[in-house]
Amino acid sequence: MIAFGCSMTDPDLYALRAKAGVVRAMEPDSQVFAIQAAGPIFRSYNLLMQKAARIPDLEALVLVHQDAEIIDPRFCDKLREALADEEVAIVGCVGAVGAPGIAWWEGDVSGGSAVCRYGELGGGELPAVAFGGEGTPRDVRIGSVDTVDGFMLGLSPWAVRSLEFDESLGFLYGHDFDFCLQALASGRRVVTADLAVAHHHSLDLVTDNEPWIAAHVRTAEKWDGRMPHVEQREWNGDWRRRARRAEAEAAAARLLVLSKELQRDAQEEELERRRRDVTETLSWRVTEPLRRMNALRRGWRRRRDPASGD
């Protein structure tokens, strides 16, 4: 039996997004746990795992953010396929190898057909892998990763009963990265699968840098020297924490740049949508021969009389 869980801070948003997706994906025997946030998401997720751990025939627990909507009609079947290997502890939609901290998008990003849906500039969507930057391939590439984006986490029964979210790390940021590294440190695998999930999220990725920076520093200190596929660094004495903070601030600055790049892509998509709205109308197509004839006429006049400016 596949169970679903969500921690809510906004019941209306949950009903519109996460609940709608769970209802679409769930099976007749699925159990759904939706709880009001009990402080940090780390704590809420631990409570949800405690509930799921008591289910004797549990196959998986799916944790979704309240703004994440499952749109895949074969979600449960695909999740079972991904968890068929008993070594797999965590399944996500998009992730990375070699992420140097909670900024998973700074690693080698890959994933499936999940998307980010935004409301700015008339609304639209971008592939979730676009968070890896312009050089990231947009095609589906799934398999083993070091960490996944936590807007959707598919957890094996072993993960539910053996791991817990580290509540000392902060309020929101880094819960996914730390949880994945716990699984890897236990000899298990973290993978991405081609699960169609829409994360309804603003293109302003982080609105308050300080909590994100603090979580980055705490998580980096916890996993110092143990992050997979990341070159080890030498930190000297009292400079250690200051160096970690500088690293976190640099990552936050790059996050701002990434946000601006995504907003630029969204603006280009909006301009292209407006162009299509104009050029694909019946009146535009009907008058196209006339516009071409007028353009040819103007060109012919300019060649005959360059000074005319017509």
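## Exercises on a predicted model

By the ring-pair rule, in which rings of Phe, Tyr and Trp (its six-membered ring) pair if their centres lie within 6.5 Å, the count comes to five aromatic pairs. This is a predicted model, in which local features need pLDDT of at least 70, side-chain atom pairs count only at pLDDT 80 or more, and totals for chains, interfaces and linings use all residues. Residues are numbered from 1 along each chain as its sequence is written, and side-chain values use heavy atoms, with hydrogens and water left out.

**Exercise 1.** Classify the ring pair of Tyr-45 and Phe-165, and place both residues in the chain.

*Solution.* Planes under 30 degrees apart count as stacked, over 60 as edge-to-face and the rest as tilted. The ring centres of Tyr-45 and Phe-165 are 5.4 Å apart and the planes stand at 65 degrees, so this pair is edge-to-face. The pair links distant parts of the chain, 120 residues apart, with Tyr-45 in helix 3 (residues 41-53) and Phe-165 in the loop between helix 5 (157-162) and helix 6 (175-185); helices (H or I, at least four residues) and strands (E, at least two) are DSSP runs, numbered from the N terminus. Both residues are buried, where buried means under 20% relative accessible area, exposed over 50%, and partly exposed in between (1.4 Å probe, protein chains only). Together with Phe-179, Tyr-45 and Phe-165 form one aromatic cluster.

**Exercise 2.** Describe the surroundings of strand 5 (residues 88-92) and its pairing with strands 13 and 12.

*Solution.* Five of the five residues of strand 5 are buried, so this strand is largely enclosed by the rest of the structure. Two strands pair if DSSP finds at least two bridges between them. Strand 5 runs parallel to strand 13 (residues 189-192), to which four bridges join it, and Gly-92 stands opposite Thr-192 there. With strand 12 (residues 152-155), strand 5 pairs in the antiparallel sense over two bridges, and Val-91 has Gly-154 as its bridge partner.

**Exercise 3.** Compare the span of helix 7 (residues 209-222) with the expected value, and list its buried residues.

*Solution.* The expected span of a helix is 1.5 Å times one less than its number of residues. For the 14 residues of helix 7 this should give 20 Å, and the end C-alpha atoms are 20 Å apart, which agrees. The buried residues in helix 7 are Trp-212, Ile-213, Ala-215, His-216, Val-217, Thr-219 and Ala-220.
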